[in-house]
Number of protein chains: 2
Amino acid sequence: MPYALYYWPTIQGRGEFVRLALEAAGADYVDVARGSAAEGLGMPALLQMLERDALARPPFAPPILRHGKLVIAQTAAILLYLGPRLGLVGKSEADWLWAHQIQLTIADMVDEVHDTHHPIATGLYYEDQKSEALKRAQAFRTERIPKFLAWFEAVLVANPKNQAHPAPPTHHPAVTTARSPHLIGARLSYVDLSLFQLVEGLRYAFPRATNRALQNAPRVAQLADAVAHHPRVAAYLQSPRRIPFNEQGIFRCYPELDG
Amino acid sequence: MPYALYYWPTIQGRGEFVRLALEAAGADYVDVARGSAAEGLGMPALLQMLERDALARPPFAPPILRHGKLVIAQTAAILLYLGPRLGLVGKSEADWLWAHQIQLTIADMVDEVHDTHHPIATGLYYEDQKSEALKRAQAFRTERIPKFLAWFEAVLVANPKNQAHPAPPTHHPAVTTARSPHLIGARLSYVDLSLFQLVEGLRYAFPRATNRALQNAPRVAQLADAVAHHPRVAAYLQSPRRIPFNEQGIFRCYPELDG
């Protein structure tokens with residue numbers, strides 16, 4: 001039974017964390033809003049899903065996953081559901097709870113990224129809250145990026161499966177997937193994919209601050225690079241299915257916010 | 001085996017969502033940081049839990065639940081774990097996924113409440129970001145409170161188990177628990193408790209805006225009042241274990257932010 005992903009068709013946004021899991025697992029899925037309205041897909045299908053009267057359990061906002069009769073919103077809840085089904089998390093309750101905690105912390109950072117360009121109101125344009133955005137982005141660059149990346153690095157260091165690996169050199173020239181660390185255990189999980197996406201987004205939105213912070217988080221950088229070279233992920237990133245970052249999404253390249 | 005909750009001892013904060021579930025279920029738990037250092041509890045025990053080198057799976061931030069060897073951070077993940085164990089969620093995967101989605105949406109609103117008084121940086125005092133807070137709070141009052149409450153109301157309306165109940169009158173004088181709606185099915189779940197806490201916090205921080213918005217969300221108001229009268233919840237709210245709201249927590253009474 002194929003998965004149906006409902007998400008805004010022109011941005012990566014939060015939907016991208018779900019897309020990456022589906023793509024890395026080679027899952028059969030339909031990206032509903034990017035399909036054709038003539039085939040019952042496209043924006044009309046997404047908007048219909050958001051009609052609250054239609055469902056006994058109405059979603060708050062996209063991304064939304066439909067699988068058979070089940071409809072799930074909230075990115076982290078979708079990945080909680082997909083993880084074991086796609087083979088992208090360990091089988092024990094302790095493993096999937098740990099993966100979920102990491103995912104929720106990634107989600108917290110994603111929310112903070114959004115607020116760097118919208119610190120006052122989602123309903124206002126960036127230009128109408130730019131002076132506040134400059135202040136918020138400064139705090140985000142100097143306090144929050146280092147704090148979050150230090151925690152992801154600590155998770156990678158503490159993972160017993162990584163402790164045979166020495167820390168990579170700070171300026172790692174070529175990275176091989178074989179020796180890459182993982183956030184959980186010794187295999188790729190959906191949180192590795194999500195951390196890759198977070199780092200990609202940070203590099204797009206705050207290239208200078210992110211590259212500076214990654215010098216203190218070499219395992220995070222190594223993991224992100226390794227995920228980019230995972231065969232199915234690499235194929236996806238080259239495909240037209242990967243929407244480029246843009247200034248309607250969560251990660252926006254406004255050079256003035258990078259200090 | 002008792003549960004151990006690790007949270008800042010002088011605020012309700014995010015820990016309160018966990019406390020309410022433990023209290024409503026009559027669970028055996030220790031509120032670690034509020035215990036005595038002489039007995040191995042208190043702030044030293046909380047700070048030790050936050051030492052990253054101590055654990056293979058280090059938590060990012062409190063609240064943290066320890067149950068035997070398992071250590072879980074992130075409020076929504078803790079409730080995901082506790083829900084079935086405390087009898088505070090249905091047994092089917094669909095039920096606990098739906099509960100979790102609602103909880104994550106409550107968590108999103110809680111994050112936005114925090115940012116009304118800290119729109120620029122967590123590391124700055126409120127007084128140092130007050131002009132931005134006034135703007136953010138205005139958008140929160142006029143756009144976000146109505147939007148979130150409308151969704152919770154829609155969830156209550158759509159729950160098939162509530163459809164025998166007529167909508168309560170807008171100014172409901174006395175509410176009986178017996179006819180109260182629930183967010184999921186026909187029984188109390190942890191998301192009912194969390195929605196009560198959210199409404200209590202909003203009433204403390206934004207009394208005028210919240211009471212206005214609740215006039216369009218009568219079932220939300222009815223549910224919050226019914227939870228307050230649940231016997232174990234009512235006993236807890238009267239006890240010294242319930243920390244009063246204060247201006248170090250997430251919900252802060254700054255009258256200027258209520259418009």
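## A covered helix in chain A

How many residues of helix H1 (residues 15-24) of chain A are buried? The count is 10 of 10, so this helix is mostly covered, a residue being called buried if 20 or more other C-beta atoms lie within 10 Å of its own. Please keep in mind, as you look around, that this is a predicted model.

The buried stretch starts at Gly15(A) and Glu16(A), continues through Phe17(A), Val18(A), Arg19(A), Leu20(A), Ala21(A) and Leu22(A), and finishes with Glu23(A) and Ala24(A). The cover over these residues includes three strands of chain A, namely S1 (3-6), S2 (29-31) and S3 (64-67). Helices H3 (75-85), H6 (190-205) and H9 (231-238) of chain A are also part of that cover. Just past the end of H1(A), you will find Gly26(A) with a positive phi of about 65 degrees.

## Two domains in chain A

Chain A is split into domain 1, covering 3-85, and domain 2, covering 93-242. Their C-alpha centres are 23 Å apart. Where the two touch, domain 1 of chain A contributes 14 residues and domain 2 of chain A contributes 15 residues.

On the domain 1 side of this contact, H1 and H3 of chain A each provide at least two residues. Sorted by class, that side of domain 1 of chain A holds 8 nonpolar, 3 polar and 3 charged residues.

## The nonpolar core

The largest nonpolar core counts 152 residues. Those with the most contacts inside it are Ala21, Leu195 and Val220, each in both chain A and chain B. Ala21(A) is also one of the buried residues of H1(A).

For a closer look, try Val220(B). Leaving aside residues up to four places away in sequence, Val220(B) touches Leu149(B), Phe152(B), Glu153(B) and Leu156(B), along with Leu195(B), Val199(B) and Leu214(B).

## Paired strands in chain B

Over in chain B, strand S3 (residues 64-67) has partners to follow. S1(B) and S3(B) run antiparallel and are joined by 3 bridges, with Tyr6(B) standing opposite Ile64(B). S3(B) also runs antiparallel to strand S4 (residues 70-73) of chain B, this time with 4 bridges. Here Ile64(B) has Ala73(B) as its bridge partner.

S3(B) and S4(B) make a hairpin with 2 residues between them. In the turn, Gly68(B) has a positive phi of about 60 degrees.

## Tyr7 of chain B

Tyr7(B) sits in the loop between strand S1 (3-6) and helix H1 (15-24) of chain B. Is Tyr7(B) buried or exposed? Tyr7(B) counts as buried because it has 24 C-beta neighbours inside 10 Å.

Apart from residues up to four places away in sequence, the contacts of Tyr7(B) are Gly13(B), Gly15(B), Ala33(B), Pro62(B) and Pro63(B). Its C-alpha atom is separated by 9.9 Å from that of Gly42(B), a residue 35 places away along the chain.

## How the two copies are arranged

Chain A superposes on chain B, with an RMSD of 0.0 Å, after a rotation of 180 degrees and 0.0 Å of shift along the axis. The two copies are therefore related as by a two-fold rotation axis. Pro119(A) is the residue of chain A that comes closest to this axis, its C-alpha being 3.0 Å away.

Which surface do the copies use to meet? They meet through the same surface, because 100% of the interface residues of chain A are also interface residues in chain B.

Note on methods. Residues are numbered from 1 along each chain as its sequence is written. Chains are lettered from A and ligands numbered from 1 in the order in which they are written. This is a predicted model: local features need pLDDT of at least 70, side-chain atom pairs count only at pLDDT 80 or more; totals for chains, interfaces and linings use all residues. A residue is buried if 20 or more other C-beta atoms lie within 10 Å of its own, exposed if 12 or fewer, and partly exposed in between; C-beta atoms are placed from the backbone. Two residues are in contact if their C-beta atoms, placed from the backbone, lie within 7 Å. Copies are superposed by least squares on the C-alpha atoms of residues with pLDDT of at least 70 in both. A nonpolar core is a set of buried Ala, Val, Leu, Ile, Met, Phe, Trp, Tyr and Cys residues joined through C-beta atoms within 7 Å. Two strands pair if DSSP finds at least two bridges between them. Domain bounds come from an automatic or database domain assignment. Ala, Val, Leu, Ile, Met, Phe, Trp, Tyr, Cys and Pro count as nonpolar, Asp, Glu, Lys and Arg as charged, and the others, Gly among them, as polar.
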